[in-house]
Amino acid sequence: MKRIALVTVLLLGCLTAIAKVYKPTDIMPVHLEDRNRYVCNPDGILSQSAVDRIDAVFRTIEDSTGIQTLVAVVTDIDPDDCFEFAHQLGETVGVGRSSSDNGLVILLSTGE
């Protein structure tokens, strides 16, 4: 039993060491590459079908309201404060129109 616990702890430690810690400048503005994409999912946390559904929802929202959105789904972030990271990300990527200040950043950090 102790051996299993030790192996589990070692594996979790290795996985944590491998996980990338993202800075706001590391997140790709996927909407600039393809106007129908809103989800940046570099670690593959969400399935492709989930990403496609979310992209479709935010395409409809932007078409009907003009609100620009970025959804970032990552493991760990730096700074580790979710609000500060999302704010910096929105400023870095330029989500929303400056004239109407209508940007929305949604952050899912599984390590937080």
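**Notebook: two helices and a pocket**

I began at Glu 84, which is found in helix 4. A reminder to myself before going on: this is a predicted model. Is Glu 84 buried, exposed or in between? I find Glu 84 partly exposed, because its relative accessible area is 32%, and the class in between runs from 20% to 50%. I also looked for a partner far off in sequence: Pro 24 is 60 residues away along the chain, and its C-alpha atom is separated from that of Glu 84 by 9.6 Å.

**The whole chain**

I stepped back for an overview. I have 4 helices and 5 strands in the protein, and along the sequence they come in the pattern α-β-α-β-α-β-β-α-β. Of the 112 residues, 29% are buried. I then turned to contacts between residues at least 6 apart in sequence, and 68% of these join residues at least 24 apart.

**Helix 4**

Back to the helix that holds Glu 84. I checked its length first. Helix 4 covers residues 82-93, and its 12 residues should span 16 Å at 1.5 Å a residue; I find the end C-alpha atoms 16 Å apart, so the two agree.

Which residues of helix 4 are buried? My list is Phe 85, Ala 86, Leu 89 and Gly 90. These four sit on the same side of helix 4, because they cover an arc of only 130° around the axis. On the other side I noted Phe 83 and Glu 91 as exposed.

Next I asked what the buried residues of helix 4 pack against. The answer is a set of strands: strand 1 (21-22), strand 3 (68-74), strand 4 (76-77) and strand 5 (103-109). Just after the helix I came to Gly 94, which takes a positive phi of about 80°.

**The largest pocket**

Helix 4 turned up again when I looked at pockets. The largest pocket holds about 240 Å³ of space. I see 14 residues lining this pocket, with Gly 90, Glu 91, Val 95, Asp 101 and Gly 103 nearest its centre. Two elements, helix 4 and strand 5, give two or more residues to the lining. The largest share is that of helix 4, with 4 residues. Sorted by class, I have 7 polar, 4 nonpolar and 3 charged residues in the lining. Two of the residues nearest the centre are already in my helix 4 notes: Gly 90 as buried, and Glu 91 as exposed.

**Helix 3 and Glu 62**

My last stop was Glu 62, in helix 3 (residues 48-65). Buried or exposed? Glu 62 counts as buried because its relative accessibility is 10%, and the cut-off is under 20%. Leaving out neighbours within four places in sequence, I find Glu 62 in contact with His 31, Tyr 38, Ile 67, Gln 68 and Arg 97.

I gave helix 3 the length check too. Its 18 residues should span 26 Å at 1.5 Å a residue, and the end C-alpha atoms lie 25 Å apart, which agrees. Along with Glu 62, the buried residues here are Ala 50, Val 51, Asp 55, Phe 58 and Arg 59. They fall within an arc of 170° seen down the axis, so they line one face of helix 3. Exposed on the other side are Arg 53, Thr 60, Asp 63 and Ser 64. The cover over the buried residues includes helix 2 (30-33), strand 2 (39-40), strand 3 and strand 5. After helix 3 I met Gly 66, with a positive phi near 85°.

Key: Residues numbered from 1 in each chain as written. Predicted model: local features only at pLDDT ≥ 70, side-chain atom pairs only at ≥ 80, totals over all residues. Heavy atoms only, no water. Expected span 1.5 Å × (residues − 1). Buried < 20%, exposed > 50% of the residue type's maximum accessible area, 1.4 Å probe, protein only. Arc of directions from axis to C-beta. Contact = heavy atoms within 4.5 Å. 1 Å grid on protein atoms, 1.4 Å probe; cavity = no way out; pocket = protein on both sides within 12 Å on 5 of 7 lines; lining within 4 Å. Points joined across faces, edges and corners; volume = space filled by probe spheres on them. Nonpolar A, V, L, I, M, F, W, Y, C, P; charged D, E, K, R; others polar.
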